[in-house]
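Colleague: Please take one part of this model and go through it closely. Then say what else can be stated about the rest, with the cut-offs.

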Amino acid sequence: MAKVIDLDDVAVNEAEARSRYRWRIKVCSSTACDASGAGPAYRAVEQRVEEQGLEHDVQVVPTGCMGLCSAGPLVRTEPRGGQPTLFQEVNERVGADIVERHVKGREDLAEHQLDEGLPFFTRQERVVLSNAGRIDPERLEDYVAEGGYRALVSALRMRPRGLIETIEASGLRGRGGAGYPTAKKWGMLHDAVADEKYVVANGDEGDPGAFMDRAVMEDDPHRVLEGVTLAAYATGASKAFLYVRAEYPRAIKRLEQAIRTAKRQRLLGRNILGSDFSLDVEIRTGAGAFVCGEETALLASIEGQRGQPRMRPPYPTERGLYGRPTMINNVETLANLPDIVRRGPEWFRRMGTEVSPGTKVFALAGSLRHTGLIEVPMGLTLGEIIEEIGGGCPDGRAFKAAQTGGPSGGCVPASFRDLPVDFESLRQAGSIMGSGGLIAMDEGVSMPEVARFYMDFSQDESCGKCTPCRVGTLEMHRLLERICAGEGSHRDLELLEQLSRTVRETSLCGLGQSAPNPVASTLEHFRDEYLALLRDEPVGVAHG
Amino acid sequence: MAAPATDRRAQQDAHPSGDERFALLDKALKRARFEQDQLVELLHTAQEVFGHLSDDVLIYLARQLRLPPSRVLGVASFYHLFTFEPPGDHICTVCMGTACYVKGAEDVVRETSEAFDVPAGETTDDGRLTLWTARCVGSCGLAPVVVFDGTVLAKQTPQDLIAHVRELLAAEDAAAEEEAG
């Protein structure tokens, strides 16, 4: 059997190897920067380093997402013992300049620099994304050098119960949307008695406008694996599944590779790190069905069936995959675990709010000057996120509303700029945290049109199992189409509100229950826009 | 020593057409140990190998996994990513995620559809271009996004995309002409 890996050894060797280089040039090679041309930029940097004979002085590192996708491709130079510099919109020519003029010639290249003093960077607090954009995701050594797998080492010395108590003390809540206390779920699986128990990582990020989990899986795959392993150890599961969207081929590839490496080093598989604990991990791919983010539908999909949800109870922790107790945790939730275990629950509690401790990753998009991936402490206000981090709407347009939670969430109007962004506050404002998509809309966007867009999504993604959702979302979409086309009546609006309630209260699963949210929230905050579109006068108004 | 059961099964039921692509599918089936719960994974493999899921392929999978064909079709048709028609030479997928939508993805779809006379979700009559829409490709910072033959194109206007496709098709025409001449 392979020797147990000595993590400290690996970290020391890695630090030594790094210190031999006078410069490290990190090139963002995430999906977004790739689309902006990071590939040619990376090759240009590498080629110049070689041409100039700098291979022994300069290390070129492909990394994951640095965050500010709208300014990509991003490149960061880090001189040994000096100040790092971030460059934006790096094409082949700028890439060559960075090597020849900046690294070799000590020029500033100020015109290509991106100020890391921007609130976009300084207001963030990175836990889940602490390695994203900093390490080479394909190297285990990089993760270990940043403290990776140390949490697993200390957890294996604890009793599973003790590990659950640690997570309970941290107050960690599920990052998939509902904010259920993680330790509570763990406790249920821990107490379930069965010959085999399962843990499932939910990486089926189906919300349009959300790509947080993709970043974690692509940019720091070992963090996800360590998180899964911790969850399995705490709950007594012997097999784990990673359910990943098929739309994320790079995430699948990186996770597959990370599993192989981890197994070789006995960080996964049989007798992990020489202990009695064994865990088998398998990847399952989705196939483009939003409803599979719902836990019982996800389980059906893993079993090779149509991804349709079923009634709960029994909850998956009682009867889940193949009829055995199963726990489903969101990828971001799992990615929080290594740091909580390593740095302690008190450290975690220092971030965020009393009831929503920690951070949240958001995919910031829409009408903003700075868009990309951010991680902020819970409880930051909507205004701070939109105006400071996102830089406000471009071209002097006025910010109108923020959409959170995708098709299950709602639109929070600009007047709520002091709203702290956490689970409870968002719910009170008529939206939900959701998995973390945050889309800014400016004055040019029609709110009934946004509601129609989401209803189109929900009616298309409704699995068809229960009638309220199958028929209700379809009818709601028809009504919204009519209203948006200026052909709707007051009676239509009334019907729309009535249907919203019916669909919410009688649908089988979360998809249907939350599908009316975009309608309800836009009606609550932007009712005038609906009324302005109606073709008739309100009933009962006297004409004189 | 007798051959393992799975090998025997694959040999007995090997596809009679002799199409070598089935051998690739067989390999995946073996790797999945013919487990029925691997159906979705195997459908992915089949679509990768054949480009789309024909009745023939679906029935083959059903037989190999000892599942009723209705179950295989039922599962395949449930998921958006599986397609039953062969796509065109080029696949143009316009992202319709929220960020892209807010930034005008609907116009990109409409104008592209008009320019090449192909409804969204279908393929041109000459079989050269398929126009699809996607739920969200997760590159929201670059909205509106189009995935053309697997490459992500950032910040696309309808004009950008139409010009890109026209150029590509014209270049192909020129190459074909050169070959013929």
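Modeller: In chain A, strand 3 (residues 75-79) and strand 4 run antiparallel and are joined by three bridges. This is a predicted model, in which local features need pLDDT of at least 70 and side-chain atom pairs count only at pLDDT 80 or more, while totals for chains, interfaces and linings use all residues. Residues are numbered from 1 along each chain as its sequence is written, chains are lettered from A and ligands numbered from 1 in the order written, and side-chain values use heavy atoms, leaving out hydrogens and water.

Strands here are DSSP runs of E with at least two residues, helices are runs of H or I with at least four, and both are numbered from the N terminus. Two strands pair if DSSP finds at least two bridges between them. Within the pair just described, T77(A) stands opposite T85(A) of strand 4 of chain A. These strands belong to an open sheet of four in chain A, with the order 2-1-3-4 and mixed pairing. Its edges are strand 2 (58-63) and strand 4 (85-87) of chain A, each pairing on one side only. From one strand to the next the twist averages 20°. Helix 3 (residues 38-51) of chain A packs on this sheet and touches strand 1 (23-28) and strand 2 of chain A, contact meaning heavy atoms within 4.5 Å. The direction of helix 3 of chain A makes about 165° with that of strand 2 of chain A; axes are lines fitted to C-alpha atoms, for helices over the stretch in contact, and angles run from 0 to 180 degrees between N-to-C directions.

Elsewhere in chain A, S462(A) lies in the loop between helix 18 (447-461) and helix 19 (467-484). S462(A) counts as buried because its relative accessibility is 13%, the limit being under 20% (over 50% is exposed, in between partly exposed; 1.4 Å probe, protein chains only). Leaving out residues up to four places away in sequence, S462(A) touches C469(A), R470(A), T473(A) and L511(A).

Chain A also meets chain B, with 51 residues from chain A and 35 residues from chain B in the contact. Together they bury about 3300 Å², 56% of it on carbon and sulfur atoms; buried area is the accessible area (1.4 Å probe) that two parts lose on being put together, summed over both. F78(B), T98(B) and R135(B) supply 20% of the area that chain B buries against chain A, more than any other three residues. Four salt bridges are counted between the two chains, a salt bridge being a side-chain nitrogen of Lys or Arg within 4 Å of a carboxyl oxygen of Asp or Glu. R452(A) forms a salt bridge with E106(B), with 3.2 Å between the closest N and O atoms.
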